[in-house]
Amino acid sequence: MVTLKENILDVETYLALRKSVGWKKLTLEQGKIALKNSIFTLCAYDGEKPIGMGRIVGDGVVIDYIQDLVVEPSVQKSGIGRIIIERLIEYVKESKIDDTEIMLCLMCAKGREDFYSKFNFVARPTNILGPGMIQYIR
């Protein structure tokens, strides 16, 4: 049975789950600061074993981002990602100021667009929205 734990994601679990999907290695310091600056973190467990995570970063009132949505490869395609993203979206809906609108954004890995479109995310560019852009600063 999968259980979700909120705002207790530790740096070792965070770094291990990122590593499990082959993402860029972060330093321990980067991991600690990233978690400290997160608005909300979520970790999925199978018993005591962490099998997935996600976090929200942003300002909490105008724009939030789903960041680091990870499901351990051995349990991908089992519904864990859906459970995580649904709770992340629910959190943003619960935390927004009444009678306002908040943008919820993400940058997905190539080939994952269909997964996110099931949750009403729109791939950019569109006829109204330009492409998402990125810059890595070294």
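Q: Strands are DSSP runs of E with at least two residues, numbered from the N terminus; in which strand is the place of Asp68?
A: In this predicted model, Asp68 has its place in strand β4.

Q: Why is Asp68 called buried or exposed?
A: The word buried is kept for residues under 20% relative accessible area, and since Asp68 has a relative accessible area of 4%, Asp68 is buried.

Q: What is the phi of Asp68, and is it positive or negative?
A: Asp68 has a positive phi of about 55 degrees, although this residue is not a glycine. Most residues other than glycine have a negative phi, so a positive value goes against what most of them show.

Q: How do you know that Asp68 forms a salt bridge with Arg18?
A: The test asks for a side-chain nitrogen of Lys or Arg within 4 Å of a carboxyl oxygen of Asp or Glu, and the closest N and O atoms of Asp68 and Arg18 are 2.9 Å apart, so the pair meets the test. Because Asp68 lies in strand β4 and Arg18 in helix α1, this salt bridge ties together parts that are 50 residues apart in sequence. Arg18 has a relative accessible area of 9%, and therefore is buried.

Q: What makes the contact of Asp68 and Arg55 a salt bridge?
A: The N to O distance between these side chains is 2.6 Å, and the limit is 4 Å, so Asp68 and Arg55 form a salt bridge. Arg55 lies in strand β3 and Asp68 in strand β4, so the pair ties together parts that are 13 residues apart in sequence. Arg55, with a relative accessible area of 8%, is buried.

Q: Where do Arg82 and Glu86 lie, and how many residues apart are they?
A: Both residues lie in helix α3, four residues apart, which is about one turn of the helix. Glu86, at 38% relative accessibility, counts as partly exposed, and Arg82 is partly exposed with a relative accessible area of 38%. Salt bridges that share partners also join Glu6, Arg87, Glu90 and Glu94 into one network. The side chains of Arg82 and Glu86 themselves meet in a salt bridge, with 3.3 Å from N to O, and the structure holds six salt bridges.

Q: Why is α1 called roughly parallel or roughly perpendicular to α2?
A: The axes of helix α1 (residues 11-20) and helix α2 (residues 28-36) come within 9 Å and cross at roughly 110 degrees. Angles of 65 to 115 degrees count as roughly perpendicular, so α1 is roughly perpendicular to α2. The residues that make the contact are Val11, Tyr14 and Leu15 of α1, together with Leu28, Gly31, Lys32, Ala34 and Leu35 of α2.

Q: Why is Lys77 called buried or exposed?
A: Exposed means over 50% relative accessible area, and Lys77, at 85% relative accessibility, therefore counts as exposed. Lys77 is found in the loop between β4 and α3, and its phi is near 70 degrees, a positive value in a residue other than glycine.

Q: Which kind of peptide bond joins Arg124 and Pro125, cis or trans?
A: A cis peptide bond joins these two residues, with omega about 5 degrees, and Pro125 has its place in the segment after α4 (113-117). Most peptide bonds are trans.

Technical notes
Residues numbered from 1 in each chain as written. Predicted model: local features only at pLDDT ≥ 70, side-chain atom pairs only at ≥ 80, totals over all residues. Heavy atoms only, no water. Axes fitted to C-alpha atoms, helices over the stretch in contact; angles between N-to-C directions. Parallel < 35°, antiparallel > 145°, perpendicular 65-115°, else oblique. Contact = heavy atoms within 4.5 Å. Buried < 20%, exposed > 50% of the residue type's maximum accessible area, 1.4 Å probe, protein only.
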